[in-house]
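Student: Could you take me through one part of this model up close, the aromatic cluster, and then follow the thread out to whatever sits around it? I'd like one connected walk rather than a list.

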Amino acid sequence: MDKLLLIKMPTFRPEYKRWKKYGYKNPKENKNLKEVLEKSSEGYCMYYYTRVRVERNLYAHLEHAIEKTNSEWLYECIPDIGLACPLCNESLKKIGERKRKLAQKFVEEFEAKAKCSVGKKRKQCAVPCKPLRNLQRQYSAQSEAEIILQPMGVRGEDNKNPLMMQYNVLKMEFQPANDYYTYSEREKRFIESHINRFKLNDAKYKTRELFDLIRDVIDNNGKISKKNNDNWVTMQFFRQIEILSDEERLKICETIYPGIYVRF
């Protein structure tokens, strides 16, 4: 039951092919990069967890975790590029972007030590190098930079655990993943700032889809008639109850429903 009530949110891990070219500026490489990122996120925004593919159309942008305006090297830095919906890429993540502009000394250190290059003979990296990780730590320490970057992920400076979220089904809200990792108060505030930035718990943006799925199971005596999983959390919950019997599924949803009803 606990597994159903606390859903651990993912850190996305794209699997790049060594023989395939990925990139940002070149159209073919851009297409390859979107494909591998979409596969790793199962077609969901890496920040907002809403579906970004509708039939044949992909409504998503390549999004630089550490903004590419900090260094020319970051334009084609594959481990620094994730997949985001237009709302996250063009609006929510941009808030405070000027305040988290990296100091030139950190950029110069990154460019001097990184093995990547620019131009026609650029080297393609499939994993974050040490200089990129160092740059990310400098970036995350700044004001307005409390962001769980994707697809790199972020580790806390106090307990060295990955900074991640969980979704509390009974409360219908995102939280720091306290049930999976130990976090300091500073690390919890970092995760909560990320949640607030992307409005994951705001009434205006909050999805009703999981609520509708649970009610659908109850209305159909344990059977599932709705499979419109436009939200990653709903998809994950669906996968977990799909393998259960109708009786088990109904019992779980009837237990959950009274607690979540008052939240909608």
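Tutor: Ring pairs tie Tyr49, Tyr167 and Phe174 together into a cluster. Keep in mind that this is a predicted model. Across the whole structure, a search turns up 7 aromatic pairs. One of them, inside our cluster, joins tyrosine 167 to phenylalanine 174: the ring centres are 4.8 Å apart and the planes meet at 75 degrees. That pair counts as edge-to-face because its angle is over the 60 degrees that sets the class. Both partners are tucked away from solvent: tyrosine 167 is buried at 3% relative accessible area, and phenylalanine 174 is buried too, at 8%.

Now hold that up against another pair, tyrosine 181 with tyrosine 183, where the centres lie 6.1 Å apart and the planes are 40 degrees from one another, so this one is tilted. Here the two rings fall in separate classes for burial. Tyrosine 183 is buried, with 8% relative accessible area, whereas tyrosine 181, at 21%, is partly exposed because the cut-off for buried is under 20%.

One more ring deserves a glance, though its partner is a charge. The charged end of lysine 25 sits over the ring of tyrosine 75, at 4.6 Å from the ring centre.

Back to the cluster, since Tyr49 leads somewhere else as well. Tyr49 helps line the second largest cavity, alongside Met9, Pro10, Thr11, Ile148, Gln150, Leu163, Met164, Met165 and His194. That cavity holds about 50 Å³ of space, and it belongs to a set of 3 cavities of 30 Å³ or more. Its lining has 7 nonpolar and 3 polar residues, with no charged ones.

Set that beside the largest pocket, which holds about 300 Å³. Its lining runs to 16 residues, and those closest to the pocket centre are Ser140, Ala141, Glu157, Arg186 and Phe190. By class, the lining splits into 8 charged, 4 polar and 4 nonpolar residues. Two helices, α5 (130–140) and α6 (185–197), each put in at least two residues, and α6 contributes the most, with 4.

If you carry on past α6, you come to asparagine 201, in the loop that leads from α6 to α7 (209–219). Asparagine 201 is partly exposed, at 26% relative accessible area. Its C-alpha atom is 5.7 Å from that of glutamate 173, even though 28 residues separate the two along the chain.

Last stop: the cysteines. What does the disulfide count come to? The structure holds 0. Cysteine 45 has the sulfur of cysteine 85 as its nearest cysteine sulfur, 3.7 Å away. That separation is beyond the 2.5 Å limit, so cysteine 45 is in no disulfide. Cysteine 45 is also buried, with a relative accessible area of 0%. For cysteine 85, the nearest cysteine sulfur is that of cysteine 88, at 3.6 Å, and cysteine 85 is likewise in no disulfide. Cysteine 85 is buried as well, at 7%.

Definitions and conventions. Residues numbered from 1 in each chain as written. Predicted model: local features only at pLDDT ≥ 70, side-chain atom pairs only at ≥ 80, totals over all residues. Heavy atoms only, no water. Phe/Tyr/Trp six-rings, centres within 6.5 Å; stacked < 30°, edge-to-face > 60°. Buried < 20%, exposed > 50% of the residue type's maximum accessible area, 1.4 Å probe, protein only. Lys NZ or Arg CZ within 6 Å of the ring centre and 35° of its normal. 1 Å grid on protein atoms, 1.4 Å probe; cavity = no way out; pocket = protein on both sides within 12 Å on 5 of 7 lines; lining within 4 Å. Points joined across faces, edges and corners; volume = space filled by probe spheres on them. Nonpolar A, V, L, I, M, F, W, Y, C, P; charged D, E, K, R; others polar.
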